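Me: Could you take a close look at one part of this protein for me, the nonpolar surface patch and the loop that feeds into it? After that, I'd be glad of a walk through the interior and the rest of the fold.

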Amino acid sequence: MTQVALDTPAYRLLGPLAVIGFDQRNFRIPRGRQQTVLSALLLCANRVVSIDHLIDAVWDDDPPPTARTQVHICVSALRASLAKAGHEGVIVTREPGYLLRVPGGQVDAQLFAELMAEAEELSHRDHTADALQYVQRALALWRGPALSGTSSPRLQAKAAQLNEDRLAAMETCAELRLQLGRHHQLIGELSALVDEHPLRERARGQLMVALFRSGRQAEALETYRKGRRLLIEQLGLEPGEELRRLEAAILAGDPALRGDRPASPRRPEPSAPSGLVAPHQLPTDIGDFTGREEHIGEVTRLLADDGDHRATRVVVLAGKPGAGKSALAVHLAHRLADRFPDGQLYCDLGGTRAGPAPAVDVLGRFLRALGIPGTSIPGSTEERAEMFRHLLASRRVLVVLDDAAAEAQIRPLLPGSGTCAVLVTSRTRLTGLAGARMLDVDVFEHGEALGMLAKAIGEERVAAEGAAADALVRLVGFLPLALRIVAARLAARAHWSLAWMVERLSDEHRRLDELAHGELVVRSSLALTYDGLSDEARLLLRLLSALDETTFSPWVAAALLDTDLHRAAELLETLVDAQMLESAAMDRTGGLRYRLHGLIRLFVREHLYREDPADRRDAAIGRVVGGWLATAAEAHRRIYGGDFTVLHGDGPLWHLPDAYLDVLLDDPLGWLESEHTSLCSAVELAAGAGLHELCWDLATTLVTLFEARCYFDDWERTHLRALEAVTAAANRRGEAALLCSLGTLHLGRSQLTAAGERLDPALEVFSELGDVHGLAMTLRNQALLEQRRGREGRALELYRSALAGFTRAGDGIGRAHVLLHMARIELNRDDERSAARHLDEAFEVCRTTDSSRVETQARYVLSDLMQRQGRHEEAGGVLTELLEVVRENRDMVGESRILRRLGNVYARLGRRGDAGRLLREAGDICERTMDQVGAAEVRLELARLLAD
């Protein structure tokens, strides 16, 4: 028999597009073109896909002129996205397009086809039970309609084909189960399939056979008549010959239809012991239940009867308050009820209430439900558990234990037989329950949330206010309980618009008040878990709510509590186990990052301002901002070789352990990039808390990142916010530092007038304060301003003054920058000897400070000198080396400049084809970085090249 890999495929098309990282977590691929291109490549995995095919997939019949370039950019971004998930180097360039290299069994659509082919072969050899297993495994791969969410007409056509294959597989599964005599279990599933696809005659015929074999001949015939009416009304056709023959056989009571095979070739259907009843204790299923297809498929697979009857199958659904664990468990239990014909037991264990249900009481309820008289039920927990296991030893019963508090509460309630299964829900991850499979129930995906809202209030209302519906599900953080409350309120008030509901929820101070309807209250649900935490865990949770970071590392928690990293990590894991925090990703040390859900943040923030004094809050925030500043400043030092070209204040710092810091800053610019959002939030946090000294210091320190990665908007936003804080506090040095830095920003944007307006007051304040370092930095910027205005003589005077200031301040890198600017002016004046002297001094500084970044800039100026001296080959060699450096550092501005100069060198060397290619690459980067002036200059150089 062919062996097929059955581990979770890394690439999943059978449902929404998903990529499973090497850590077995679902890794999100950005929506839009990246998802479309990846889907197209996966559908042809291990085969070359032409660029034309990808263009058709993205734009159909109306591609833009830049389509090929945009596909190249998209593939480059996709490679980076996949690399983050651990799938590095899987997309390779192969003429005339790209090839996605995937090991066997790692694309679910291909694995589905392989499993179905094996099932077909087994069926032909009359190995029906084995064939059924392969079909069920194939169907378990599905998480919803194939490629759901895609808008590409080309991909939708392929998705329709895959969905048709799924329906055929479902019918094949039903056929095999009929052959094995499992018609009783099939009726519910086939009824749902026929309702959803009423024109599929094969499924309708299978439902008729299942009903007939279950002694429901009249219903079987009515099923045929309904189908016949539909076919005539919608298509004007009579049913096919096979369905008509089946009706005739049912009318005649044909014995051949009855089937005489047992339910399983390996084990007969278990029968209930004498005197026992089959309990059906499940609560009512939710009529508008939607989504969770992936969980449903996974639980169905885990609880399937695989023939191993030694151990009870246990699945635990763990999730944060309001995530919909109980609703999912009840819905699953109803879907699986036919697989457990001897009954379904249910109990709400009250794990989040003050008095959880004791196991002895739950066992008493279960025994009475199984038909044991009260007088025969023993008194102790141990004896009741023994009787419970004995009664279920040969029965197929599903036990649903809702809201479990701990493992000890559950263990006595587990049957001892592998014929039974247990489904548990808990707000705590019950990792101590041996043999149990854990599934985390998170908030809804975006599509699931909108689907639930549409089912509850009507698709018409959602479609009529699409933007408001989208805002609504985002405001409640996709939390199912909150969304159900919103839906219930809207359903009860048909005159309310969705926009009106959005307006009511937009006020964070009232949001939790709005999320209440009848017995559904988000605040009460969260309080049950919060009240059960330790004092220290609650304090950490409250302090975390004061931050606005998307995700955070354990050191942030350590700073908030002013404790060590080990203790902070323990408390964070306690909060994760309690589902009040969620693990988000891995940080640069290999440790976990964490995230606080929006509604939980609002809930605990209420407690923060009610329970914690302002001085405690401000001190905690000060330690966190001090930690960000200390680490960012160290990153700057490692990039530049010291505290060069940056001013610092005297705000209190919070230092991370040296060993942890060394791992964190192995790539200092990479760390700044990865923490970009959190660092900008920390500036806002410091401003809001009145920590003006830390605020301006952090904002100006972050220029290292803003400048290298062209984050000009963040540069301006953080500085203007910090400027408000220092102005309100009359912090003149901080104000001057920010104005000087903003002047640098305006110079980079070629906003010369604005730069002058910032630099003049900065120079005045630094002069008054006698701040030599600040004065030198401002003079350097003013010199650059004069140089941009074409006043090179005045610029040289200012550069000399700045040079003297940097020398007095001991800022070697500041001196090197000035020397490089002076060398450029000397080159413009054709004074190659002076330019060379300035370059030699700059290189000497680089050697003493070990600053590779400034050395790169110096070598760039050196390449200009080489060109002027006619040393074009040497200049080309220097620029080629520099190109590798800036690409490794992802310095797009530097890359465009070097490409442009290297193109000019190649033109001088007669390599016009290479020159044109490099200039076009430089132009593309200028356009992507919104450098319109640079793009225009490159186009002019290209025109000159073509004219020559």
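Reply: Happy to! Let's begin with L237, which lies in the loop between helix 9 (217-235) and helix 10 (241-252). Please keep in mind that this is a predicted model. L237 has a relative accessible area of 48%, so it counts as partly exposed rather than exposed, a class that begins over 50%. Together with L199 and L235, L237 makes a nonpolar surface patch of about 270 Å².

Another loop residue to look at is G690, located between helix 30 (676-688) and helix 31 (692-701). With a relative accessible area of 45%, G690 is partly exposed too. If you pick out H495 as well, you will find its C-alpha 45 Å from that of G690, with 195 residues separating the two in sequence.

Now for the interior. The largest nonpolar core has 143 residues, and L581, L672 and L698 are those with the most contacts inside it. Helix 27 (residues 614-640) supplies the largest share of this core, 10 residues. L672 is a handy place to centre your view: leaving aside residues up to four places away in sequence, L672 touches A632, A635, I639, L679, L702, T704 and L705. There is also a second, separate core of 59 residues, and V75, L100, L132 and L176 are among its members.

A charged residue is worth a stop here as well. R593 sits in strand 15 (residues 592-595). Its relative accessibility is 9%, and because buried means under 20%, R593 counts as buried. The side chain of R593 has polar partners: a polar contact of 2.6 Å joins it to the side chain of E675, and another, of 2.9 Å, joins it to the side chain of S553.

Finally, let's step back to the whole protein. It has 44 helices and 15 strands, and its C-alpha trace spans about 110 × 70 × 55 Å along the principal axes. Of the 948 residues, 53% are buried. Among contacts between residues at least 6 apart in sequence, 68% join residues at least 24 apart. The accessible surface comes to about 41,600 Å², and carbon and sulfur atoms account for 49% of that area. To return to your patch, L199, L235 and L237 are the residues to highlight on that surface.

Conventions. Residues numbered from 1 in each chain as written. Predicted model: local features only at pLDDT ≥ 70, side-chain atom pairs only at ≥ 80, totals over all residues. Heavy atoms only, no water. Core = buried A, V, L, I, M, F, W, Y, C linked by side-chain atoms within 4.5 Å. Buried < 20%, exposed > 50% of the residue type's maximum accessible area, 1.4 Å probe, protein only. Helix = DSSP H or I, 4+ residues; strand = E, 2+ residues; numbered from the N terminus. Contact = heavy atoms within 4.5 Å. Patch = residues over 30% accessible without salt bridge, like charges linked within 9 Å, V, L, I, M, F, W, Y side chains within 5 Å. Areas by Shrake-Rupley, 256 points an atom, 1.4 Å probe, with all protein chains shown as cover. Salt bridge = Lys/Arg side-chain N within 4 Å of Asp/Glu carboxyl O. Polar contact = N/O pair within 3.5 Å; in protein donor to acceptor, adjacent residues only side chain to side chain.
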